[in-house]
Amino acid sequence: MQSFLEETIQDLLDKHEDVSELTVILPSKRAGGFFKHYLRKQLRKTSFLPRVLSIEEFVELISDLSIIDPSELLLRSYKAYLGTKSIEKKEDFESFNSWIQILLNDFNEIDRYLVDSDQFFSYLGSIKSIEKWSPQSESTDLIKSYLSFWNSLPEFYDILRTDLESDGLGYQGMVYRKAAEEIEHYLGSKGGQPHVFIGFNALNLAEQTVIKELLELGNTSIYWDAEAHFFSGRPHSASQFMKSYFDTWNYYQTNRPELGNNYTKNKKFYFVETQKNIAQAKYAGQILGSMSREELNETAVILCDENLLTPLLYSLPANLEKVNVTMGSSIENSPITVFILSLLRIQKSGRSKWYFKDIFNLLNNPAGQRLVPNAKNLVRLISEENQTYLSVSELVELDSNSESENLKIIFGSWNNEPLSAINNSMELLVRLKPLLWSSQLELAIAYELYTILSEIKGQINNFPYLESINSVYTLFQESVRSLTTDLAGDAYEGLQVMGVLETRVLDFKNLIVLSVNEGILPAGKTNASFITYDLKKTFNLPLFTDKDAVYAYHFYHLIHRAEQVHFIYNATSEGLNAGEKSRFLMQIETDRLSAHLIDYQVVSLPILLNETPLQQIPKTKTVMDRLQAIAQSGFSPSALTSYIRNPFDFYLSRVLKINEFETVEETVDYNTLGSIVHNSLEKLYEPFVGSYLEPKGLKTAMDCVDETVRKQFTNTYKSGDYSTGKNLLIFEVAKRYVENLIKLDLEELESGHRIRILHIEKKMQLALQIDEIPFPVYVQGMVDRVDERDGVIRIIDYKTGLVNQNELQITDWDLLTTDYKYSKAFQVLMYAYIIHAEEHFDTSVAGVISFKNFNSGFMQFVSKTDSGSAKNHEIFNNTLKQFETGMKSLIKEICDPALPFIEKQVKFPKN
């Protein structure tokens, strides 16, 4: 296959004896690199290379202006904005930045298309006046200010252009307009030199003006990569622009354009539907893995969505020897960039104390963990102390085991000074440098960020309105948004990975095109402009349909010389992606040529319907040693009921002691609330242990509720704040729970009942005799309250959650040790079993007071022989004998070395 560039170079060598005299202009620098590469191969004799320029370099040469850096353009735009006298109320730099990019893009557009700026802004101001005009009332100050802004645009536009031009600078559109205006001067000095334009398509009016003027000289030529198929028959969007040039340019009245005939040749298209974006990258890697070395040298992977670069690089097969990535790797989402952006973002708030999530965000970042070696331990300590906001001194105190200088830089006060923000950020990057030698990519990114910060630092003296960290954050964010780090590779051999625009004038035999989705290729209609549709039509500015035609040309240019193309698209509908293949693929299907074969494929992960076997953990010697330790310290009701719920959970939590990840409780969780309520009741009722309750004593306790609950909040919730928001509501709920119980006891006394407190938060332990287990076994627990009401012993468990009476009712005793539904009954019976043995009670009642079901009062354990029999609330020793049999059987099962821990099958409710 002969590429377009090779054909063009061959023609130039045939027509020109000395190609070094030529000035060659191509759409991009990359295209220029390939032109030189192919020219070296085809030159028949030793020769100097011609002058090869991109179109941007060429217009800079003609205009004698340099295209300004985007961040500097932003600053100089604000300077021009401040100097615009017709704008009375000026916004600050940060607010200005929120809309100026759209306006600058519009300036670019009107300049590239040589629009009369005075007439244009007059029209625009009139349109905005009509939009806000109201015959019902006079214009408000807001409307007047709004209209004044649009009427001030001509002055702002002129000031900005004058300021830039005085320093030999210009934004892109301005440079193009200047080139069109200065073309006559250029022709006077350089017109005698032959010029060659290669591989263009959609030209703006400035480019058209320059090229047409050069073509009129007779020594300039232009080569279009155009296919005859798209110029015959009905109009085709791929030829929209070139057809208009061929029809209207004077040059083509006597010069017939040369058109190729490659699109109609034999081609094999694969339409590949995948699920999710990552599957596209994986499938592309699979295709590449099946190719030979020779095929890979003639293959390109085209990323319509450049966010797929990283997944693609991780999906490349091992057989690849050479890969060239032309687009570069974006640094915006790299850990180091995210770290600096996050740091600037939290520092611009100017707080003296830092929110724990912001601290965690920085310390959990790979860059933060390198700068603060003790970062993980610091995160753990903050979680344990439950501190929501911390000062730098508190952080340094917690980090006593490591070097804290970096902590002081990161979390110290920067006093909202931009210079301080830049210097500190640069210092951190310098300190990171020796820690990044293992990663050349990270080193390159750190260097790029350091360079950006240095440039911003150099601009502070010239632009005094950069007076806050927020200004630095805004500039830094804008600078890194489009910045990439180049990846090393052979530019002309091996597999090529590139974006759509980088394929201009290049041809490949095999193509793998990813994200061929509607909304990506083409991008679709966008409204990031202040110029209305009718205004664009009036001044012949490009519409969204014209931009779709640009995409159409790039798409068909990609494939018209290719022989085999894999079009891969994501069929999953999520977010803004509708999961729809591109209209260009549909067009290929509709206009299918006889030489074109289309193969449809659907790629999806296999769905395994086999049930996953339940996990089984054998009881090894190590496991049995751990079970013996648990037995000697005592099996608690919660441990035994966790085994009933799922033996595998018991193994994880009790044997392996794997606990939930601890983090800062920003809002008091339910377990913490339960601890606060239990501890508060213990402190308030301790004075009554061993005596009868008296109204006077309970009223005194009621007066102490607020103080007691506050102390328990401080002890349990540690440094967490409960003075506002949800935590304040939870604090009031805790008080209400405690007060309700005291009120319940007061009501009991007022009704004539006598209550004697026997125990509060009583810790208990009891040895069990189980012959089948060769080591001592104990059961233990802590009962919330034991009292005597009118001569009846009551064993009471407090629950801050919801408990209903049916959870404390047993008919079938076998269910008590097999169904977790009866865990509350199991718990109170175990308390009764231990305390009966310790205190030698003959009878008692046991139950629960649920603070979320407080109207039910003291809900007692109930046993029944069957569903129709009478309820028995009293717990006798023979009742506890039945419980003992089930409990011992359960413990024997847990400690039996022959029985593994078997995961319990989860049963889902039926519809």
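This passage describes an open sheet and two helices, helix 1 and helix 23, of a predicted model. Local features were accepted at pLDDT of at least 70 and side-chain atom pairs only at pLDDT 80 or more, whereas totals for chains, interfaces and linings use all residues. Residues are numbered from 1 along each chain as its sequence is written, and side-chain values use heavy atoms, with hydrogens and water left out.

The open sheet comprises four strands in the order 2-1-5-6, with parallel pairing (strands, E of at least two residues, and helices, H or I of at least four, are DSSP runs numbered from the N terminus; two strands pair if DSSP finds at least two bridges between them). Its edges are formed by strand 2 (51–54) and strand 6 (221–223), each of which pairs on one side only. Strand 1 (residues 23–26) and strand 5 (residues 195–198) run parallel and are joined by three bridges, and isoleucine 25 has phenylalanine 197 of strand 5 as its bridge partner.

Helix 1 (residues 4–15) has 12 residues and reaches 17 Å between its first and last C-alpha atoms, close to the 16 Å expected at 1.5 Å a residue (the expected span being 1.5 Å times one less than the number of residues). Its buried residues (under 20% relative accessible area, 1.4 Å probe, protein chains only) include Phe4, Leu5, Ile9 and Leu12, and what covers the buried residues of helix 1 includes strand 1, helix 2 (29–42), strand 5 and strand 6 (contact meaning heavy atoms within 4.5 Å).

For helix 23 (residues 440–460), the 21 residues should span 30 Å at 1.5 Å a residue, which agrees with the 31 Å between its end C-alpha atoms. Among its buried residues are Leu449, Ile452, Leu453 and Ile456, and the buried residues of helix 23 pack against elements including helix 4 (70–82), helix 16 (335–347) and strand 13 (484–485).

Definitions and conventions: Buried means under 20% relative accessible area, exposed over 50%, partly exposed in between (1.4 Å probe, protein chains only).
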